[in-house]
Amino acid sequence: MPIRQPQTRDILDSIGEGVFTVDKNFKITFINRAAEDILGINRENVIGKICKYVCKTGLCSGKCPIAHVLESGQTKYDIESKLVNEKGEIIYVKMNSSVLYNSDNEPYGGIISFRDISEVEVIKKKLIKETQYHGIVGYHKSMIEIFELIDEIADADAAVLIQGESGTGKEMIANAIQTTSYRKNEKYIKVNCSIFPDQLLASELFGHVKGAFTGSIKDRVGRFELADKGTIFLDEVAEMPQQTQLQLLRILQEGTFERIGESTTRNVDVRVIAATNKNLEQALESGQFRQDLYYRLNVIPIHVPPLRERLDDIPYLVKHFIHKFSLLYNKNIHEIDDDSMDILLRYNWPGNVRELENTIEYAFARTKNNDVIEKTKLPAHIRISFDNIKPVTPRNIKKQDNEIAKTLEKHHWNRGKAAAELGIGRTTLWRRMKTHGLV
């Protein structure tokens with residue numbers, strides 16, 4: 001008896017992600033079972049309907065991912081948004097969007113896949129509440145100074161330029177600035193300037209009119225217009241082409257812009273936060289970045305230090321990431337052994353906090369439930385580097401030991417609770433207590 005080959009519909013109905021397709025008029029042509037479940041709808045009732053009346057996302061007005069891929073031909077990945085299901089409940093999702101091509105390689109519609117990340121969002125909000133400052137973990141003097149500065153500029157409208165190496169948490173700093181500002185209840189739009197081709201970046205930022213360039217099949221509202229009265233975050237701003245830099249300068253100076261292909265001047269009121277991991281001084285010298293734009297953006301400068309310059313924060317970050325992954329993976333793992341912590345304190349961290357987070361997740365995935373993370377579970381390149389470097393200790397180790405005494409007193413000398421709060425192992429705590437006569 002011949003084996004029955006699965007049909008496309010059977011395959012799409014068997015996957016856990018929601019999937020639906022639309023034609024060029026944004027009418028739904030197919031929707032799978034997972035999408036039915038997530039949205040709480042009956043697929044037979046939505047075929048032929050315009051997608052924005054079914055999904056009801058915050059992206060439908062001006063930032064539609066399907067419109068974007070149909071215009072640009074480029075797939076969009078991991079777009080975070082919110083859907084409203086049939087019951088009116090808000091569902092957090094992460095989406096991918098692509099163009100649908102026929103057998104002649106001609107585009108005839110789009111496809112969206114999405115997954116429910118509501119539980120992840122709940123965990124994320126819980127972790128942000130538990131962190132020291134709006135989701136950021138940092139006890140080093142340089143980080144405390146940044147937190148104080150953010151509080152001081154809460155009522156300001158001046159542009160902010162955040163500089164720092166990749167992985168230091170520049171976007172989290174930008175989020176904290178927006179969260180504490182008086183515009184916190186207005187729109188907050190983020191744009192990564194490095195992922196768009198030159199002409200498309202200008203279209204993303206300032207919008208365009210129908211026929212402005214090949215593929216512009218209708219008018220499009222830009223991100224600045226969408227962010228009116230709110231805040232816009234321009235990540236990797238040093239990658240912005242010269243012509244777009246000039247347009248941005250005009251917005252910063254005059255609060256006006258024009259859509260591509262249009263002569264009508266529009267006004268906008270937007271607070272600009274920019275970030276880059278590039279050396280802007282070199283970019284200024286080479287002419288890649290406009291000096292006048294630099295001074296307009298750099299009204300409030302923030303430099304985020306690399307992790308190797310704030311080693312004292314590593315135990316706190318490790319504790320935070322272990323807690324995070326214990327929630328995400330639903331595993332009872334809450335401690336790392338002293339040898340592992342020594343290795344983490346002596347590593348140089350070229351990838352900064354992001355690399356440390358990835359390291360803890362790697363070790364966490366390899367550690368069995370109810371166990372302690374051991375050094376054998378750390379990535380090999382970090383363990384190998386440990387054998388080839390000289391010991392490095394935090395510069396304010398004496399300050400940490402004073403903190404140990406205060407923490408022990410706070411918990412009535414319960415070493416387990418004190419070690420948990422300090423983010424170190426009980427063995428390390430005991431060793432430092434003996435060294436400083438605290439036993």
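**Exercise 1. A charged surface patch**

In which helix is the place of Glu 148? Assign Glu 148 to its element and describe its surroundings in this predicted model.

*Solution.*
Step 1. Glu 148 belongs to helix H6, which covers residues 141-152.
Step 2. The relative accessibility of Glu 148 is 44%. Buried residues fall under 20% and exposed residues over 50%, so Glu 148 is classed as partly exposed.
Step 3. On the surface, Glu 148 takes part in a patch of negative charge together with Glu 145, Asp 151 and Glu 152.

**Exercise 2. The chain as a whole**

Describe the overall make-up of the chain: how many helices and strands does the chain contain, and what share of its residues is buried?

*Solution.*
Step 1. The chain contains 19 helices and 12 strands.
Step 2. Of its 439 residues, 47% are buried.
Step 3. The C-alpha trace extends over about 75 × 75 × 40 Å along the principal axes.

**Exercise 3. A network of salt bridges**

Trace the salt bridges of Arg 43 and decide whether the residues concerned are buried or exposed.

*Solution.*
Step 1. The structure has 20 salt bridges. In one of them the side chain of Arg 43 meets that of Asp 13, with an N to O distance of 3.3 Å. This pair joins distant parts of the chain, with the two positions 30 residues apart: Asp 13 is in helix H1 (residues 8-14), and Arg 43 is in the loop between helix H2 (33-39) and helix H3 (52-55).
Step 2. Arg 43 also forms a salt bridge with Glu 36, whose closest N and O atoms are 3.3 Å apart.
Step 3. Arg 43 has a relative accessibility of 7% and therefore counts as buried. Asp 13 is buried as well, because its relative accessible area is 11%. Glu 36, at 14%, is likewise buried.
Step 4. These residues belong to a wider arrangement: Asp 13, Arg 33, Glu 36 and Arg 43 are linked in a network of salt bridges.

**Exercise 4. A salt bridge between a strand and a helix**

Locate the partners of the salt bridge between Lys 190 and Glu 171, and state the accessibility of each.

*Solution.*
Step 1. The side chains of Lys 190 and Glu 171 meet at 2.8 Å, N to O. Lys 190 lies in strand E7 (residues 188-192) and Glu 171 in helix H7 (residues 170-180); the pair links distant parts of the chain, 19 residues apart.
Step 2. Lys 190 has a relative accessibility of 34%, so Lys 190 is partly exposed. Glu 171 is also partly exposed, because its value is 36%.

**Exercise 5. Positive phi in two loops**

Where are Asn 105 and Asn 330 found, and what is notable about the phi of each?

*Solution.*
Step 1. Most residues other than glycine have a negative phi.
Step 2. Asn 105 has a positive phi, near 60°. Asn 105 sits in the loop between strand E4 (90-101) and strand E5 (107-116). With a relative accessible area of 58%, Asn 105 is exposed.
Step 3. Asn 330 also has a positive phi, near 55°. The loop that holds Asn 330 runs between helix H13 (314-328) and helix H14 (338-346). Asn 330 is exposed, because its relative accessible area is 68%.

**Exercise 6. A nonpolar surface patch**

Which residues form a nonpolar patch with Leu 328, and where is Leu 328 placed?

*Solution.*
Step 1. Val 120 and Tyr 329 join Leu 328 in a nonpolar surface patch, with about 230 Å² of accessible area together.
Step 2. Leu 328 is in helix H13. Its relative accessibility is 35%, so Leu 328 is partly exposed.

**Exercise 7. Two buried loop residues**

Characterise Thr 367 and Phe 26 by their location, accessibility and spatial relations.

*Solution.*
Step 1. Thr 367 is in the loop between helix H15 (352-366) and helix H16 (380-386). At 3% relative accessibility, Thr 367 is buried.
Step 2. A polar atom of the Thr 367 side chain lies 2.7 Å from the backbone oxygen of Ala 363.
Step 3. Phe 26 is in the loop between strand E1 (18-23) and strand E2 (28-31). Phe 26 is buried, because its relative accessible area is 17%.
Step 4. Phe 26 and Ala 67 are 41 residues apart along the chain, and a distance of 8.5 Å separates their C-alpha atoms.

Conventions
Residues are numbered from 1 along each chain as its sequence is written. This is a predicted model: local features need pLDDT of at least 70, side-chain atom pairs count only at pLDDT 80 or more; totals for chains, interfaces and linings use all residues. Side-chain values use heavy atoms; hydrogens and water are left out. Patches are made of residues with over 30% relative accessible area and no salt bridge: like charges are joined within 9 Å, nonpolar side chains (Val, Leu, Ile, Met, Phe, Trp, Tyr) within 5 Å. Accessible areas come from the Shrake-Rupley method with a 1.4 Å probe; for residues, only the protein chains shown count as cover. A salt bridge is a side-chain nitrogen of Lys or Arg within 4 Å of a carboxyl oxygen of Asp or Glu. Lys and Arg count as positive and Asp and Glu as negative; His and the chain ends are not counted. The place of a charge is taken as NZ of Lys, CZ of Arg, CG of Asp or CD of Glu. Helices (H or I, at least four residues) and strands (E, at least two) are DSSP runs, numbered from the N terminus. Buried means under 20% relative accessible area, exposed over 50%, partly exposed in between (1.4 Å probe, protein chains only). A polar contact is a pair of N or O atoms within 3.5 Å; within protein, one must be able to donate a hydrogen and the other to accept it, and residues adjacent in sequence count only if both atoms are side-chain atoms.
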